[in-house]
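User: Could you take me through the salt bridges in this model, and the surroundings of the second ligand while you're at it? I'd like one connected read rather than a list.

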Amino acid sequence: MKRLVSGVRPTGYLHLGHLEGVLKNCVKLQDEYECFPFIADWHALTDHLDTEMLAEYTVQAAVDWLSAGIDPQKSTLFVQSHVKEHAELMLLLSMVTPVPWVERTPSYKDMLAKLEGTRQNPSLGFLAYPVLQAADIIIYKAEVVPVGEDQLPHLELCREIVRRFHALFGRKIFPEPQALLTETPNLPGTDGRKMSKSYGNCIYLNDPPEEIRKKVMEMVTDPARIRRTDPGHPEVCTVYAYHRIYNEKELPEIEEACRAGRIGCVECKRRMAEALIEALRPFHERRSYWTSHLDEVRDLLREGAEKAGKIARETLEEVREAIRLFR
Ligand code: TRP
Ligand code: SF4
């Protein structure tokens, strides 16, 4: 079976964007691939040094993976920092990675732009972010990596590093991993922008139904609708974008009623919130199981790290040999 690697960064609680974009896609592919879903806690450190909540976010992300339907019998769920081999491989890959390659990545350039004029500098760890990511992937000889578009440059760089490694040491060890561009439903945040913690527009996976209702009621709608009878434009409405995903059943009716000015946004939001909560019900049920069985989660993560570590060590043996380190 081909292998698949997929990571999330625990820089906060995971939100609906993670569930729809990453978690569900990995769950769906569990039977086709040998999957390695993991929590990239070292990657979280690259730009989040406020670590008070890091362990909490990490274990909660594991709960989210499991609640999304990751089956520990099929997939290997683990925490990045528990498999130290990732770090050794990253170190070795860093030797074959020219600095300009990492300086060119959009995420690094964005960070530079963000820090300009603040007298702060990105860390060496941040610069090396894609090298660590490459190690995460190729240490399992993964062939596919389900990611969003923003990660494509990192995947491209990963393949370049692989090619360079092979050319330098004259041995092919790794497949060149391909991005699996998932048809991520375009799930905006409550304000219509991309869902992101830094915008404060997230619906979190641990938000209880009451909180979801509240956030939905605050969502932006079609700004052209002032009165209930004003004709609406569902295509520009965030609430409608959610109806599309979570309320297919009522979609045609809502579209029509909105365009005709026959439904108020308040009612429309109420219906969407209920549909969303209903759609999340199986997830929430599993979530409440796992949050009350955190010891079991910890055990699974320990076993996952052992299983992952075994494969990682085998790969590293080949790598050390290819590099001709004294053994
Ligand atoms: N960079 C990824 C993100 O921000 C997280 C990540 C780290 C990852 N290592 C990975 C994703 C390896 C896929 C494979 O979403
Ligand atoms: Fe959006 Fe619904 Fe209001 Fe139409 S009625 S603008 S779809 S919230």
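Analyst: Helices here are DSSP runs of H or I, at least four residues long, numbered from the N terminus. Keep in mind that this is a predicted model.

Let's start with the ligand. With helices counted that way, α11 (238-246) and α13 (265-279) each give at least two residues to the shell around ligand 2. The full set of residues around ligand 2 is T221, D222, R225, C237, V239, Y240, C258, I263, C265 and C268. Sorted by type, that shell has seven nonpolar residues, two charged ones and one polar one. As for the space ligand 2 takes up, that is the largest cavity.

Now for the salt bridges. There are 30 of them in the structure, and a few deserve a closer look.

Take E318 and K141: their closest N and O atoms sit 2.7 Å apart. This pair links distant parts of the chain, 177 residues apart, with E318 in helix α15 (residues 294-323) and K141 in the loop between α8 (129-138) and β4 (144-147). Partly exposed means between 20% and 50% relative accessible area, so E318 falls in that class at 25% relative accessibility, and K141 does too at 24%.

R259 and E255 are a much more local affair. Their salt bridge has its closest N and O atoms 2.9 Å apart. Both belong to helix α12 (residues 251-259), and because they are four residues apart there, about one helical turn separates them. R259 counts as partly exposed, at 37% relative accessibility, and E255 is partly exposed as well, at 27%.

Back in α15, there is also a salt bridge between the side chains of E317 and R327, at 2.5 Å from N to O. E317 is in the helix itself while R327 is in the segment after α15, so this contact ties together parts that are ten residues apart in sequence. Are these two partners buried or exposed? E317 is partly exposed, with 31% relative accessible area, whereas R327 is exposed, at 53%; the line for exposed is drawn at over 50%.

The E317 and R327 pair isn't on its own, either. Both residues belong to a network of salt bridges that links E88, R171, E317, R320, E321 and R327.

Note on methods. Residues are numbered from 1 along each chain as its sequence is written. Chains are lettered from A and ligands numbered from 1 in the order in which they are written. This is a predicted model: local features need pLDDT of at least 70, side-chain atom pairs count only at pLDDT 80 or more; totals for chains, interfaces and linings use all residues. Side-chain values use heavy atoms; hydrogens and water are left out. A residue is near a molecule or strand if one of its heavy atoms lies within 4 Å of it. On a 1 Å grid over the protein atoms alone, a cavity is a set of points where a 1.4 Å probe fits but cannot get out, and a pocket is an open set with protein on both sides within 12 Å along at least five of seven lines; lining residues have an atom within 4 Å of a point. A molecule sits in a cavity or pocket if more than half of its atoms lie within 2 Å of its grid points. Ala, Val, Leu, Ile, Met, Phe, Trp, Tyr, Cys and Pro count as nonpolar, Asp, Glu, Lys and Arg as charged, and the others, Gly among them, as polar. A salt bridge is a side-chain nitrogen of Lys or Arg within 4 Å of a carboxyl oxygen of Asp or Glu. Buried means under 20% relative accessible area, exposed over 50%, partly exposed in between (1.4 Å probe, protein chains only).
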